[in-house]
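Student: I am new to this structure and should be grateful for a close look at a single part of it. Please begin with the whole and then move inward.

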Amino acid sequence: MGDSTVTRLNGREEAVPPLVTDEQPPTVLERLRAPRRPRLWFEILLIAVSYWTYSLIRNAVPEQKTQALRNADWIWSAEHQFGIAVEHSINHAANSVTWLIIGMNYYYATLHFVVTIGVLVWLYRTHPGRYAAARLTLFVTTGVALLGYYLYPLAPPRLMTGGHFVDTVQVHHTWGSMASGDLKNMSNQYAAMPSMHIGWSLWCGLTAFALCAVPWLRVLGLLYPVATLVVIVATANHFWLDAVGGVLCLSFGFTVARFWYGSLPHALPRLTPALRPTEA
């Protein structure tokens with residue numbers, strides 16, 4: 001294309017340079033970072049493969065029983081020194097109310113997966129522009145937890161020798177725990193730090209609080225990780241310091257999502273660019 005021309009009043013033609021725009025085609029990195037409409041088949045496959053890989057790696061971490069029990073004794077001793085060793089009292093108090101502890105056992109075994117999947121589905125359907133960033137946060141949180149399982153094997157309180165904690169699943173013969181009863185050989189029992197029950201539940205709670213339009217659902221979102229903390233301690237599956245580890249993992253997950261997408265998930269547009277013309 002050459003220069004365009006215009007005719008002045010005196011009949012002379014002068015060349016006019018073409019308009020130059022500032023718009024440049026997006027780079028590969030920009031295309032990767034841009035939120036796009038999630039594809040259902042891909043998301044189902046990705047989540048299934050990711051969880052299978054996570055479980056495989058977690059359970060492949062050597063069960064360093066001696067070191068895990070030593071670490072548990074150290075944490076329990078440190079909590080006593082600082083006057084924050086409340087797990088034993090909560091465990092026995094909850095176990096004294098049969099209906100309560102049975103409910104907590106089922107809560108621990110089921111809601112960890114049900115609520116997390118439910119929030120992912122809700123994001124996929126109603127917040128497609130934020131879905132990828134939120135999913136990345138969850139995946140990074142879970143991935144970095146694997147380092148904790150490998151670097152710091154930790155026995156849960158119920159497996160401590162001389163801790164006098166009650167393994168509530170075994171005592172009350174409830175199902176669903178991958179770390180007690182007939183399923184204990186299918187899961188690494190010495191991978192308690194960090195607690196992904198807390199990491200996932202806090203991710204769910206913060207997502208609901210930031211994005212839900214219904215006030216009572218926002219409040220419920222904040223109460224969910226608090227209730228989960230009570231449950232993991234009452235069932236003697238975790239020290240409360242394991243929850244701190246879960247919070248740190250989630251913080252790292254949000255940091256990575258913020259770096260990659262340039263914003264936290266809730267601050268991104270609700271709809272992807274492909275959906276905007278029709279707002280459908």
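Student: What percentage of the contacts in the protein chain with a separation of 6 or more do residues 24 or more positions apart account for? After that, please examine how helix 5 and helix 8 pack.

Tutor: The model is a predicted one, in which local features need pLDDT of at least 70 and side-chain atom pairs count only at pLDDT 80 or more, while totals for chains, interfaces and linings use all residues. Residues are numbered from 1 along each chain as its sequence is written, and side-chain values use heavy atoms, with hydrogens and water left out.

To your question: residues 24 or more positions apart account for 80% of the contacts with a separation of 6 or more, a contact being heavy atoms within 4.5 Å. The protein chain has 10 helices and 2 strands; these are DSSP runs numbered from the N terminus, helices being H or I of at least four residues and strands E of at least two. Along the sequence, the two strands precede the helices. Of the 280 residues, 42% are buried, where buried means under 20% relative accessible area, exposed over 50% and partly exposed in between, with a 1.4 Å probe and protein chains only.

Now to the part you chose. Helix 5 (residues 98–126) and helix 8 (residues 196–211) pack at an angle of about 35 degrees with their axes 10 Å apart; the axes are lines fitted to C-alpha atoms over the stretch in contact, and angles run from 0 to 180 degrees between N-to-C directions. The crossing is left-handed, that is, the near helix is turned anticlockwise from the far one by less than a right angle. Helix 5 contributes residues including Tyr108, His112, Phe113 and Leu123, and helix 8 residues including Met196, His197, Trp203 and Leu211. The residues of this contact divide into 12 nonpolar, 4 polar and no charged. Here Ala, Val, Leu, Ile, Met, Phe, Trp, Tyr, Cys and Pro count as nonpolar, Asp, Glu, Lys and Arg as charged, and the others, Gly among them, as polar.

Leu123, Met196 and Trp203 are also among the residues with the most contacts inside the largest nonpolar core, which has 32 residues. Helix 5, helix 6 (128–151), helix 8, helix 9 (215–234) and helix 10 (240–261) each supply at least two residues of this core. Apart from it lies another core, of 14 residues, among them Leu69, Ala155, Tyr190 and Met193. A nonpolar core is a set of buried Ala, Val, Leu, Ile, Met, Phe, Trp, Tyr and Cys residues joined through side-chain atoms within 4.5 Å.

Methionine 193 leads to the backbone: a cis peptide bond, with omega about 5 degrees, joins methionine 193 to proline 194. Proline 194 lies in the loop between helix 7 (168–172) and helix 8, and histidine 173 lies in the loop between helix 7 and helix 8 as well. Phi of histidine 173 is positive, near 55 degrees. Most residues other than glycine have a negative phi, and most peptide bonds are trans. Histidine 173 counts as exposed because its relative accessibility is 71%. Alanine 236, in the loop between helix 9 and helix 10, has a positive phi of about 60 degrees, but it counts as buried because its relative accessibility is 0%.
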